[in-house]
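Visitor: I am new to this structure and would like a close look at one part of it, taken slowly. Please begin with a single residue and then lead me on to what lies beyond it.

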Amino acid sequence: MTTLSLLTPTGELTLGNHLGALRQMRTTQETDTCYYGVADLHALTLPRDPATLRTTIRRTQTLLLASGLDASTLFRQSRVPTHSELAFLLECTVSTGELNRMIQFKEKGRGNGSTRASLFTYPALMAADILLYRPERVPVGADQRQHIELTRDLALRFNHEYGQVFTVPEIVLPAAGARVMDLQDPTRKMSKSATELAGVIRLLDSPEVIRRKVSRAVTDSEVGPDAVRTDREQKPGVTNLLEILAACGGSAEGITAYGALKRAVTDAVVAELEPLQRRYAELAASPEHVDAVFEAGAATCREVTAPLLAAARAAMGL
């Protein structure tokens, strides 16, 4: 079975990325043929400082490798031209009405006269990213479900109008750890694009920084033996901490106070991230190795995706 997943380098990867995506990606590569990449073209839908973008791309590449994805094909999207070429063909099959309904465009672009056109059309590029590899399933966070549903619609439409070219992928939502919430605002997802970092645990945060952020995490004023419990509606902060603790292999058994809960969460998170941080430091000292892995992966992707692009072009009469 073939699985694909790409991460956009719009910020530093977080604990949420690790628990909700990277760990599942590592497990999946044991049984599937996996293509995991850095979606650097998608980062250009909003203005970015070039130097900052290059640094973020480098760190994302190194973290993917440090996460243990050695058995997967790792690549940068911009190094595989078939992504951009198929994206235009799919732009010729998607309607403006469909693109106008996309949540991210509604939130970031609609009504803004300076919005880049790529922010409107990039769902076609995302669909190309996926369909090029004929994956049977695509693991994504719940916030990306709409994009995968559009991808499925475009594949079905193309196959109906031009002939059977694309595999229609299934959506795979991680069962656990998929929605790690911001420590300061547990009603919103922990995001690598967040501008306020007090509630975001980054994968490269030191143990001291992690301890400080967790110690300041929002809870509530309840006290008593039943205060530490899961209740997403009434106790979102406590629930978030409990879910992080469980996802990192810790236990809340016997914990009745928030201070003890935060200490347990800190210890579990630090222990979870320590092997990744150690491997990252090793790889960061050998950037040529990271480059070689991703260049080899891009070469593989160019070879693998060329027949699919050729089939799509021929089906459309080109």
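Visitor: Does Thr27 count as buried, partly exposed or exposed, and at what relative accessibility?

Guide: Before anything else, please keep in mind that this is a predicted model. Thr27 has a relative accessibility of 48%, and because buried means under 20% and exposed means over 50%, Thr27 counts as partly exposed. Its place is in helix H1, which covers residues 15-28. Between Thr27 and Ala315 there are 36 Å from C-alpha to C-alpha, and in sequence the two are 288 residues apart.

From there we can turn to helix H11, residues 287-315, whose axis comes within 10 Å of the axis of helix H2, residues 50-66, the two crossing at roughly 80°. Angles of 65 to 115 degrees count as roughly perpendicular, and H2 and H11 are therefore described in that way. On the H2 side the meeting involves Arg58, Gln61, Thr62, Leu64 and Leu65, while H11 brings Pro287, His289, Val290, Asp291, Val293 and Phe294 to it.

Also in helix H11 is Ala298, which counts as buried because its relative accessibility is 0%. Although Ala298 and Arg76 are 222 residues apart in sequence, their C-alpha atoms lie 6.6 Å from each other. If neighbours within four places in sequence are left aside, the residues in contact with Ala298 are Leu74, Phe75, Arg79 and Val80.

One of these contacts, Phe75, leads on to the aromatic rings, for Phe75 forms one aromatic cluster together with Tyr35 and Tyr133. The model has 4 aromatic pairs in its count. Among them is the tilted pair of Tyr35 and Tyr133, with 4.9 Å from centre to centre and 40° between the planes. This pair links distant parts of the chain, since Tyr35 belongs to strand S2 (residues 33-38) and Tyr133 to the loop between helix H6 (117-131) and strand S4 (137-139), 98 residues apart. Both Tyr35 and Tyr133 are buried. The rings of Phe158 and Tyr162 also form a tilted pair, because their centres are 4.8 Å apart and their planes stand at 45°. These two residues are 4 residues apart in helix H7 (residues 145-162), which means that about one helical turn separates them. Phe158 counts as buried because its relative accessibility is 1%, whereas Tyr162, at 30%, counts as partly exposed.

The loop between H6 and S4 also holds Arg134, which has a positive phi of about 50° although it is not a glycine. As a general background, most residues other than glycine have a negative phi. With a relative accessibility of 35%, Arg134 counts as partly exposed.

The helices H6 and H7 have axes that come within 9 Å and cross at roughly 70°, and the pair is therefore roughly perpendicular. The contact is made by Tyr122, Pro123, Met126, Ala127, Ile130 and Leu131 from H6, together with His147, Ile148, Leu150, Thr151, Leu154 and Ala155 from H7.

Last comes helix H10 (residues 258-284), whose 27 residues should span 39 Å at 1.5 Å a residue, and this agrees with the 37 Å between its end C-alpha atoms. Within H10 there is a kink of about 35° at Glu274, shortly before the proline Pro275.

Notes. Residues numbered from 1 in each chain as written. Predicted model: local features only at pLDDT ≥ 70, side-chain atom pairs only at ≥ 80, totals over all residues. Heavy atoms only, no water. Phe/Tyr/Trp six-rings, centres within 6.5 Å; stacked < 30°, edge-to-face > 60°. Buried < 20%, exposed > 50% of the residue type's maximum accessible area, 1.4 Å probe, protein only. Expected span 1.5 Å × (residues − 1). Bend = angle between axes of the 7 residues up to and from the residue. Axes fitted to C-alpha atoms, helices over the stretch in contact; angles between N-to-C directions. Parallel < 35°, antiparallel > 145°, perpendicular 65-115°, else oblique. Contact = heavy atoms within 4.5 Å.
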